[in-house]
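Please walk through this structure with the sequence at hand. The text takes up a metal site, a single residue and a pair of helices in turn.

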Amino acid sequence: MSDRVYIQEVALRDGLQNEALFIPTADKVALVNALSLSGVSKIEVTSFTSPKAIPSLRDAEQLMQSLQRNPHVCYSALVPNVRGAERALTCAVDEMNLVLSASDSHGLANLRMTAAQSLIQFAEIVQLSQGHSVRLNASISTAFGCPFSGAVADVQLMRLIEQLLDLGLDGITLCDTTGMADPAQVAQLCQQVLQRWPEVPFTLHFHDTRGMGLANALSAWQVGVRYFDASLGGLGGCPYAPGASGNICTEDLVHMLQRMGIDTGVNLAALLDAASTLPELLQHPVPSALLKAGVADRRYPLPKAAQAKS
Ligand code: COA
Ligand code: ZN
């Protein structure tokens, strides 16, 4: 098991889908281009969803086609259905991130599909992608609990993962859509999936809705997870999940891992530069702790009154 941690940036998708303001495409391009040079391994650029459902990402094609792509970065986009996959393939995305919900109540609220209906769409998408060089990942929303129907049984989640892998998908992301997971639950579930499918790259996607986000990431890392979604500035949230709020913040996660001596390949200063543009762009403050406090190596001049008299 490699000790390198892979940071996958989701602010442009999970973050902006939850913003009322439409960010001009040129500003999104500038943000993706800056992130492309920061050392993150993947960027979820946008989503090919219905523009009526997610108006702030209605420029998906234009955005995808305007990027300066770094060959070391995987450019991914969220796809809910066959129509979304057709659109994504015209833009030569490196990865389609197929989204479905572990809980049918959230699936119906968010996508108007149960998990079984999503799987039918995905089977068709697998056919459609043949001959294209595109990676297929599945993101399972509400994997740690649903804000409508509560707990998701482990056996139900395992069965869903199995069905997704049987379709031939390349990776799986377990999403804690509304911050319901706790570190003990995360360790238990991650251990189970890593043991059962050691060859599959599992990503963990946490929201910090209840202040457990970084603790959950640490817990997942301790049992061997090496792929994490995180969002610049700590933006994020599903507009169709009540009470949803931001993802774990990329700069806070990278800072924590670097302090612990864990290699992320990310240039924290470059990340902070990009994050510092967000409050003006979005016209509101962002949750990032690091933007407020600076890195732990930050030092302040000792106040005059505290200086020893010579
Ligand atoms: N991209 C663009 N338009 C799409 C589309 C897609 N992927 N899928 C469907 N549409 C359009 C249809 O063409 C149709 O358009 P029309 O009204 O002009 O005829 C309309 O949307 C309704 O189509 P339908 O197949 O009935 O979809 P729906 O209304 O049941 O919506 C989804 C299903 C999945 C498209 C929609 O719920 C959605 O985009 N959800 C995304 C939610 C999301 O991103 N949440 C946050 C991420 S977790
Ligand atoms: Zn999310």
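Donors here are N, O and S atoms within 2.8 Å of the metal, and water is not among the atoms, so a site may look incomplete. The model is a predicted one. On that basis, the zinc ion (ligand 2) has as its protein donors Asp 14 through OD, and His 205 and His 207, each through NE2, at 2.0 to 2.1 Å. Along the sequence these donor residues follow the spacing D-x190-H-x1-H. Asp 14 belongs to helix α1 (residues 11–15) and His 205 to strand β7 (residues 202–206), so this pair ties together parts that are 191 residues apart in sequence. Both Asp 14 and His 205 are buried.

The next stop is a loop residue. Thr 264 sits in the loop between α10 (250–259) and α11 (268–275). Is Thr 264 buried or exposed? Its relative accessibility is 2%, and because buried means under 20%, Thr 264 counts as buried. Leaving aside residues up to four places away in sequence, Thr 264 touches Arg 4, Val 5, Ile 7 and Gly 39, and also Val 254, Leu 257 and Gln 258.

Last comes the helix pair. Helix α7 (residues 154–166) and helix α8 (residues 183–196) have axes that come within 12 Å and cross at roughly 35°. This crossing of α7 and α8 is right-handed. From α7, the residues Asp 154, Leu 157, Met 158, Ile 161 and Glu 162 meet Gln 188, Leu 189, Gln 192, Val 193 and Arg 196 of α8. Sorted by class, the contact between α7 and α8 holds five nonpolar, two polar and three charged residues.

Note on methods: Residues are numbered from 1 along each chain as its sequence is written. Chains are lettered from A and ligands numbered from 1 in the order in which they are written. This is a predicted model: local features need pLDDT of at least 70, side-chain atom pairs count only at pLDDT 80 or more; totals for chains, interfaces and linings use all residues. Side-chain values use heavy atoms; hydrogens and water are left out. Donors are N, O and S atoms within 2.8 Å of the metal (3.2 Å for Na, K and Ca); water is not among the atoms, so sites may look incomplete. Helices (H or I, at least four residues) and strands (E, at least two) are DSSP runs, numbered from the N terminus. Buried means under 20% relative accessible area, exposed over 50%, partly exposed in between (1.4 Å probe, protein chains only). Contact means heavy atoms within 4.5 Å. Axes are lines fitted to C-alpha atoms, for helices over the stretch in contact, and angles run from 0 to 180 degrees between N-to-C directions. A crossing is left-handed if the near helix is turned anticlockwise from the far one by less than a right angle, and right-handed if clockwise. Ala, Val, Leu, Ile, Met, Phe, Trp, Tyr, Cys and Pro count as nonpolar, Asp, Glu, Lys and Arg as charged, and the others, Gly among them, as polar.
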